Amino acid sequence: MARILKDYLSVSLRGEDLDGKIDFVRIFGRPGPVHIEIGSGKAAFLLNQAKAMPHVNFLGIERAAKFYRYAVDRIGRWGLKNVRIIRIDAPHFLADFVPADSVECFHIYFPDPWPKKRHQKRRFFNSANLNQLLRCLVPAGTIRIATDHAGYFEQIQHLLTTEVSSPACPLLERIDFSPAAGADQGEWVGTNFERKYLKDQRPIYTLAVRKV
Ligand SMILES: C[S@@+](CC[C@H](N)C(=O)[O-])C[C@H]1O[C@@H](n2cnc3c(N)ncnc32)[C@H](O)[C@@H]1O
């Protein structure tokens, strides 16, 4: 029997309540470094990472209503005080609501690869969205990425190293991708998609960059 999902008002942030750039201290009820996960799915990463890093304020962005509701219920049941989640389109949220120099780390794990050529323009990684990430990051803030899709990974690397940032004008530098604090043994990040792909023995590509 399907479980009834509960809404937790202290967990969910409502797009309709936002008015201009958000104040993370007000939203979390305390100061602290802010990490944003884009496309949180069922929130496995958010839950374990927030538990492992209680001093960090985590915000998940998830567009799909069914995953968002599932995530709110799970975060609420776990009783975590340092996680919020919002159901909204990530590019719109970044551009309109996230202040400049406010985010310490973006986590983007298994973004939809849109494998058909005619759909690739729907991919999250493009220069406009990457410029938004850069604007929102604090100095020396980081972006962490994982995907199982080799073609998309190549496109992301190209974007990071030659389009948005380049050797002549470096805005980002590559750093080691260390396993996430909340991940289990043998995992990089511990999301639902990673767990599924590890079982299928698919290769997983990771990349981390720091704002210069
Ligand atoms: C392939 S799933 C990966 C979910 C999770 N990161 C994982 O690894 O298990 C991609 C997720 O990103 C969400 N998503 C896709 N485009 C989005 C957007 N523009 N804004 C917010 N979420 C988005 C989808 O709804 C989906 O839950």
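Me: How do the residues of the shell around the ligand divide into nonpolar, polar and charged?

Reply: Ala, Val, Leu, Ile, Met, Phe, Trp, Tyr, Cys and Pro count as nonpolar, Asp, Glu, Lys and Arg as charged, and the others, Gly among them, as polar. In this structure the shell holds 8 nonpolar, 4 polar and 4 charged residues. This is a predicted model, in which local features need pLDDT of at least 70 and side-chain atom pairs count only at pLDDT 80 or more, while totals for chains, interfaces and linings use all residues. Residues are numbered from 1 along each chain as its sequence is written, and side-chain values use heavy atoms, with hydrogens and water left out.

Me: Which polar side-chain atoms lie close to a nitrogen atom of the ligand, and at what distance?

Reply: A polar contact is a pair of N or O atoms within 3.5 Å. Here a polar side-chain atom of Asp89 lies 2.8 Å from a nitrogen atom of the ligand, while a side-chain N or O atom of Glu62 is 2.5 Å from one of the ligand's oxygen atoms. From the backbone, an N or O atom of Phe193 lies 2.9 Å from an oxygen atom of the ligand.

Me: Is Phe110 buried or exposed?

Reply: Buried means under 20% relative accessible area, exposed over 50%, and partly exposed in between, with a 1.4 Å probe and protein chains only. Phe110, with a relative accessible area of 9%, is therefore buried, and its phi is near 55°, a positive value in a residue other than glycine. Ala43 also has a positive phi, near 75°, and counts as buried because its relative accessibility is 0%.

Key
A polar contact is a pair of N or O atoms within 3.5 Å; within protein, one must be able to donate a hydrogen and the other to accept it, and residues adjacent in sequence count only if both atoms are side-chain atoms.
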